[in-house]
Amino acid sequence: MSKFNSQISTLFIVVALVCAFVPVFLVEEAEANLLWNTCLVKITPKCALDIVAAVFENGNMPDPCCNDLVKEGKVCHDTLIKYIANKPMLIAHETEYLKKSDDLWKHCVSISKSA
């Protein structure tokens, strides 16, 4: 139970970091600000947590959140996941997280198309 609470605490810290900072890699700062503000309004906080859990903690992605993810868009999804995966405590497994992110995207696109 203690390990589960630790993982949940880590998850909330990661989400707080995502909400507090603007990703400034591979895009100009003004573009990053626009992208960040655009991305955050397209997805519910619950689905954001589900996405983070699915990519970084082997959580399950509910189908309704797949629709939110697809509405968010691939660029937003990739940018946010890369930003989180690039953190010092996660960077050693960045390649794994990016693959899981791509797999999640493909799964959600297929769910979204069938809805």
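The paragraphs below follow the disulfides of this predicted model and the helices that they connect.

If a disulfide is taken as a pair of cysteine sulfur atoms within 2.5 Å, the count for this structure comes to two disulfides. One is formed by Cys47 and Cys65, whose sulfur atoms are 2.1 Å apart, and the other joins Cys66 to Cys108, with an S to S distance of 2.2 Å.

A reader who begins with the pair of Cys47 and Cys65 will find a left-handed link, with -75 degrees about the S-S bond. Cys47 lies in helix α3, which covers residues 45-56, whereas Cys65 lies in helix α4, which covers residues 63-72, so this disulfide ties together parts that are 18 residues apart in sequence. As for their surroundings, Cys47 is buried, with a relative accessible area of 5%, and Cys65 is likewise buried, with a relative accessible area of 4%; both values can be set against the cut-off for a buried residue, which is under 20% relative accessible area.

The second pair to trace is that of Cys66 and Cys108, which is also left-handed, here with -55 degrees about the S-S bond. This disulfide links distant parts of the chain, since Cys66 sits in helix α4 and Cys108 in helix α6, a helix of residues 94-114, and the two cysteines are 42 residues apart. Both Cys66 and Cys108 are buried.

Taken together, the two links can be followed through helix α4, where Cys65 is tied to Cys47 of helix α3 and where Cys66 is linked to Cys108 of helix α6.

Terms used:
Residues numbered from 1 in each chain as written. Predicted model: local features only at pLDDT ≥ 70, side-chain atom pairs only at ≥ 80, totals over all residues. Heavy atoms only, no water. Helix = DSSP H or I, 4+ residues; strand = E, 2+ residues; numbered from the N terminus. Buried < 20%, exposed > 50% of the residue type's maximum accessible area, 1.4 Å probe, protein only.
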